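User: Could you take me through one part of this protein slowly, the aromatic ring pairs and the strand that one of them leads to? I am new to this, so please start from the overall layout.

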Amino acid sequence: MSAIQQNVEAASAKYSESFTKGHLALPPAKKYLVLTCMDARIDPAQAFGIELGDAHVIRNAGASAVDALRSIVISEQLLGTTEIVLVKHTGCGMLTFKNEDAFGIVEKNLGAEAAEELRKHSPDLLPFPELEKAVEEDVAFLKKSKAVPESVTISGWVYEVETGKTRRVV
């Protein structure tokens, strides 16, 4: 067992000793979801004031609304959420490359078959060159989507990894 797996096991044992939230309902109590990046420097619960059971948290590379649409629809249509808080962040890795850069690295490191498989399943890795513009574009995508009801409240934010502050963009 790796050191990481040992840590998961130990942390789980410690956490479960005092766990008292097993009664929480499946739908999020506050009926909202947060879409943010998978970046390890973001702790959504702490940074955005989310208590266990309050909200769904969807994380992916770059907090992409396009990539998260499946989960957003499930959250809204099957579990009753009515608001989306989209949060991208400063220093995001998605600002640092273009699709062909990433496909080239995959091909170099893993071979042509791996690069083709990635292209087949993810032809656009959804990088973006401008942070605030990407927030605006993702919010616009969600607002225009037929899969997201007009009644859903949608806002876009930027979390500053340098300061821990979150500021509204749209």
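Analyst: This predicted model has six helices and five strands. Read from the N terminus, the elements follow the order α-β-α-β-α-β-α-α-α-β-β. Of the 170 residues, 34% are buried. Take the contacts between residues at least 6 apart in sequence: 67% of them join residues at least 24 apart.

Now to the rings. A search of the whole structure turns up two aromatic pairs. Tyrosine 15 and phenylalanine 19 form a tilted pair, because their ring centres are 5.4 Å apart and their planes meet at 45 degrees. Angles over 60 degrees would count as edge-to-face and those under 30 as stacked, so 45 degrees falls in the tilted class. Phenylalanine 19 has 38% relative accessibility, so this residue counts as partly exposed.

The other pair is phenylalanine 48 with tyrosine 159. Here the planes stand at 90 degrees and the centres are 6.1 Å apart, so the pair is edge-to-face. This pair also links distant parts of the chain: phenylalanine 48 belongs to helix α2 (residues 44-48) and tyrosine 159 to strand β4 (residues 153-159), 111 residues apart. Are these two residues buried or exposed? Both phenylalanine 48 and tyrosine 159 are buried.

Following tyrosine 159 brings us to its strand, β4. Why is β4 described as largely enclosed by the rest of the structure? The reason is that five of its seven residues are buried.

Strand β4 also has partners to look at. With strand β3 (residues 83-89), β4 runs parallel, and seven bridges join the two. You can find one spot in this pairing where leucine 86 stands opposite glycine 156 of β4. With strand β5 (residues 166-168), the sense is antiparallel, and the pairing extends over three bridges. Here tryptophan 157 stands opposite arginine 168 in β5.

Finally, look at how the chain gets from β4 to β5. The two strands form a hairpin with six residues between them, and in this hairpin glycine 164 takes a positive phi near 85 degrees.

To put the picture together, start at phenylalanine 48 in helix α2 and step across to tyrosine 159 in β4. From β4, you can then move to β3 through the parallel pairing, or to β5 through the antiparallel one.

How values were computed
Residues are numbered from 1 along each chain as its sequence is written. This is a predicted model: local features need pLDDT of at least 70, side-chain atom pairs count only at pLDDT 80 or more; totals for chains, interfaces and linings use all residues. Side-chain values use heavy atoms; hydrogens and water are left out. Helices (H or I, at least four residues) and strands (E, at least two) are DSSP runs, numbered from the N terminus. Buried means under 20% relative accessible area, exposed over 50%, partly exposed in between (1.4 Å probe, protein chains only). Contact means heavy atoms within 4.5 Å. Rings of Phe, Tyr and Trp (its six-membered ring) pair if their centres lie within 6.5 Å; planes under 30 degrees apart count as stacked, over 60 as edge-to-face and the rest as tilted. Two strands pair if DSSP finds at least two bridges between them.
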